[in-house]
Amino acid sequence: MESVSLEELDLEGADADWFEANFTGRAASDGPRFGEPVEVKIDALLGKPLVRHASDLLSHALEHLAAVRAQHEVMLVNVLAELVARGEEPPGGLRVTDWLRTLDPGLTAGAAKDLVTVARAVTQPRWSELASRVTMQHVTVAKAARIIEFQERNERVADPAEMTSAVQDLVTRAPDLIHEDFTGLVRQHTEQVRPPRDEERLDEGRRASRGLWFGAPSRSGMVPMRAVLDPEAAAVIKSALDPLATPCPSTDGYGRTVAADPRTPAKRRADALLQVIERGVAAGEHLPTTDKAKVVVTIDHDVLAGTVRGAGLAMSGDVLSSSTVRRLACDAAIIPMVLGTRGEPLDVGRERRLVTKGLRLALWQRDGGCSFPGCTIAPQWTDAHHVQHWSAGGRTSLLNLALLCRRHHTHVHRHDLSATVTTTSATWHE
């Protein structure tokens with residue numbers, strides 16, 4: 001192998017002192033140091049006793065090996081980044097994380113995921129500073145992954161200026177903090193970034209940020225699941241699970257409790273989730289079902305009408321924006337408890353708001369799916385929208401209802417669009 005001098009290398013503006021200290025084993029200000037501890041490395045690799053080596057040489061070897069490990073991580077990221085940028089796929093149809101773990105069996109799933117996260121980001125111009133800090137080993141790959149995940153997780157639901165400031169603070173402070181303190185700083189910034197002023201943009205960003213992930217099975221075969229939900233989705237899911245997750249104690253023939261439910265709250269919620277899904281995908285004609293999960297939301301009348309800013313509070317504790325409440329109030333997804341200026345209930349539910357099964361079938365037959373021009377979403381994936389808003393006194397009848405998919409339902413509410421509805425069609429006006 002032909003040697004290359006330091007002067008011949010293209011360092012692209014890298015700190016030459018840093019490069020010399022890391023790759024030649026000599027720092028300009030440190031004076032003479034040990035060279036590469038080859039004999040110690042060979043003995044350690046073969047599992048031989050190390051008693052013949054002096055303690056200062058062993059300490060130097062430990063520093064050297066730690067540095068090599070850090071360099072190895074940087075090289076992995078940058079080589080992987082180039083392969084990702086070229087669109088190369090791992091062999092055998094493997095995911096990139098699985099491929100890395102087959103190449104390095106000692107790599108944990110979390111460490112492999114961090115490598116992939118950083119590799120996919122470092123080629124993007126917005127991460128150029130972070131990429132340089134990773135390459136210079138000022139920021140570890142794990143810390144860089146936390147910064148990138150923070151940005152991707154919060155950018156849709158946070159004020160852009162505050163996000164920029166928070167990311168810059170994380171990039172700047174990462175070199176000086178141990179990993180545990182740094183993850184605490186990430187959590188702190190997550191709590192502090194404020195939502196943007198635009199309520200519609202906030203709702204849209206929250207919906208875009210929700211997700212569901214499954215982890216790798218444990219040795220016992222158990223599969224972990226993690227979800228991040230916007231307030232609307234959280235309220236709907238909680239309202240569906242709560243009635244089925246209540247304790248079910250054992251009773252005798254007289255209805256007296258003889259044994260408490262042995263399941264923990266987490267176990268009951270897991271059982272409830274499975275029951276909801278089983279009912280939804282395999283329910284027979286005579287099993288009890290509801291059109292939508294019922295969520296009770298308390299909201300002031302002026303907020304619902306849109307004359308003042310505010311939000312609704314679901315009984316689950318989730319805060320829903322007024323635009324979300326107005327959209328959901330079209331169908332049976334929520335039961336709004338509308339309050340007057342002194343907090344008195346003005347309206348609780350109004351049964352005539354709810355779309356009956358027969359009326360829904362009539363809408364399915366008339367509209368054949370989402371009624372918005374050009375949309376082909378099937379009827380079973382639509383909401384029944386009140387053309388004259390329910391909150392403004394609109395009737396729940398075939399002539400005041402139209403099927404809309406979730407995307408167009410949001411679009412219609414956002415732009416306050418109207419439609420001409422007959423017994424045979426619904427025509428929207430932009």
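Among contacts in the protein chain between residues at least 6 apart in sequence, what percentage join residues at least 24 apart? The figure is 55%.

**Overview. The predicted model of the protein chain.** The secondary structure comes to 16 helices and 13 strands. The chain has 430 residues, and 34% of them count as buried.

**View 1. Helix α3 crosses helix α5.** Helix α3 spans residues 55-85, and helix α5 spans residues 109-121. Their axes come within 8 Å and cross at roughly 55 degrees. That angle makes α3 oblique to α5. The crossing is right-handed. From α3, the contact takes in Glu 73, Leu 76, Val 77, Leu 80, Ala 81 and Val 84. They meet Leu 115, Val 116, Val 118, Ala 119 and Arg 120 of α5. By class, 9 of the contact residues are nonpolar, 2 are charged and none is polar.

**View 2. Helix α6 packs with helix α8.** Here residues 128-135 form α6, and residues 160-173 form α8. The two helices pack at an angle of about 15 degrees, with their axes 11 Å apart. Because angles under 35 degrees count as roughly parallel, α6 is roughly parallel to α8. Their crossing is left-handed. Glu 129, Leu 130 and Arg 133 of α6 meet Gln 168, Val 171 and Thr 172 of α8. This contact divides into 2 nonpolar, 2 polar and 2 charged residues.

**View 3. Arg 146 in helix α7.** Arg 146 belongs to α7, residues 141-154. Is this residue buried or exposed? Arg 146 counts as buried because its relative accessibility is 18%, and the cut-off for buried is under 20%. Neighbours within four places in sequence are left aside here. Beyond them, Arg 146 is in contact with Asp 114, His 179, Phe 182, Thr 183 and Val 186. One of these partners, Asp 114, lies at a sequence position within α5, residues 109-121.

**View 4. The β12-β13 hairpin.** Strand β12 covers residues 418-421, and strand β13 covers residues 426-429. The strands pair in the antiparallel sense over 4 bridges. They form a hairpin, with 4 residues between them. At one bridge, Val 421 is partnered by Ala 426 of β13. Which residues of β13 point to the buried face? Ala 426 and Trp 428 point to one face and are buried. Thr 427 and His 429 point to the other face and are not buried. In a regular strand, side chains alternate between the two faces of the sheet. The side chains along β13 alternate in this way.

Methods:
Residues numbered from 1 in each chain as written. Predicted model: local features only at pLDDT ≥ 70, side-chain atom pairs only at ≥ 80, totals over all residues. Heavy atoms only, no water. Axes fitted to C-alpha atoms, helices over the stretch in contact; angles between N-to-C directions. Parallel < 35°, antiparallel > 145°, perpendicular 65-115°, else oblique. Left-handed = near helix turned anticlockwise from the far one by under 90°. Contact = heavy atoms within 4.5 Å. Nonpolar A, V, L, I, M, F, W, Y, C, P; charged D, E, K, R; others polar. Buried < 20%, exposed > 50% of the residue type's maximum accessible area, 1.4 Å probe, protein only. Pairing = 2+ DSSP bridges.
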